[in-house]
Amino acid sequence: MNKTIALVMIILGVVMLIWTGFTYTKKEKVIDAGPIQISADREKSVNWPPYIGGIVLIAGVVILITSKRSK
């Protein structure tokens, strides 16, 4: 179980180091006046600092190493 968590954390850490965020589109109502509704597409972005990916990667490696030693 620990080995699986460690591998997921390592993969997630590498992905977070490569891609430091993503953008998605969300529909928002601009005007809602009875039968008239106008909506617009708004771009939203989610970003994280690259060092967070490094921390997750290192934590995954530490968990992997400690799980091998305990067996």
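Which backbone oxygen lies 2.9 Å from a polar atom of the side chain of Ser67? The legends below start with the whole chain and then turn to three residues, Ser67 among them.

**Figure 1. Overview of the predicted model.** Welcome to the whole protein, which holds 2 helices and 2 strands. Read from the N terminus, these elements follow the order α-β-β-α. The radius of gyration is 20 Å, well over the 11 Å that the globule rule gives for 71 residues, so the protein is more spread out than a compact globule. The C-alpha trace spans about 65 × 25 × 10 Å along its principal axes. Of the contacts with a separation of 6 or more, 55% are between residues 24 or more positions apart.

**Figure 2. The surface and the charges of the protein.** Of the 71 residues, 14% are buried. About 5,700 Å² of the protein is exposed, and carbon and sulfur atoms supply 65% of that area. Look also at the charged side chains: 9 are positive and 4 are negative. The centres of these two sets lie 22 Å apart.

**Figure 3. Ser67 in helix α2.** Here is the residue from the opening question. Helix α2 covers residues 50-69, and Ser67 is part of it. With a relative accessible area of 12%, Ser67 is buried, because the cut-off for that class is under 20%. The backbone oxygen in question belongs to Leu64, and it lies 2.9 Å from a polar atom of the Ser67 side chain. Beyond the neighbours within four places in sequence, Ser67 touches two residues from the start of the numbering: it is in contact with Asn2 and Lys3.

**Figure 4. Asp32 in strand β1.** Strand β1 takes in residues 21-33, and Asp32 sits within it. Is Asp32 buried or partly exposed? Its relative accessible area is 47%, so Asp32 counts as partly exposed. Follow its side chain to find a partner, Gln37: a polar contact of 3.4 Å joins the side chains of Asp32 and Gln37.

**Figure 5. Pro49 in the loop between β2 and α2.** This last view shows the loop that comes after strand β2 (36-47) and before helix α2, where Pro49 is found. Pro49 has a relative accessibility of 33% and is therefore partly exposed. How many residues apart along the chain are Pro49 and Met1? They are 48 residues apart, and their C-alpha atoms are separated by 28 Å.

Methods
Residues numbered from 1 in each chain as written. Predicted model: local features only at pLDDT ≥ 70, side-chain atom pairs only at ≥ 80, totals over all residues. Heavy atoms only, no water. Helix = DSSP H or I, 4+ residues; strand = E, 2+ residues; numbered from the N terminus. Buried < 20%, exposed > 50% of the residue type's maximum accessible area, 1.4 Å probe, protein only. Polar contact = N/O pair within 3.5 Å; in protein donor to acceptor, adjacent residues only side chain to side chain. Rg over C-alpha atoms; globule rule 2.2 N^0.38 Å. Contact = heavy atoms within 4.5 Å. Areas by Shrake-Rupley, 256 points an atom, 1.4 Å probe, with all protein chains shown as cover. Lys, Arg positive; Asp, Glu negative; His and termini not counted. Charge placed at Lys NZ, Arg CZ, Asp CG, Glu CD.
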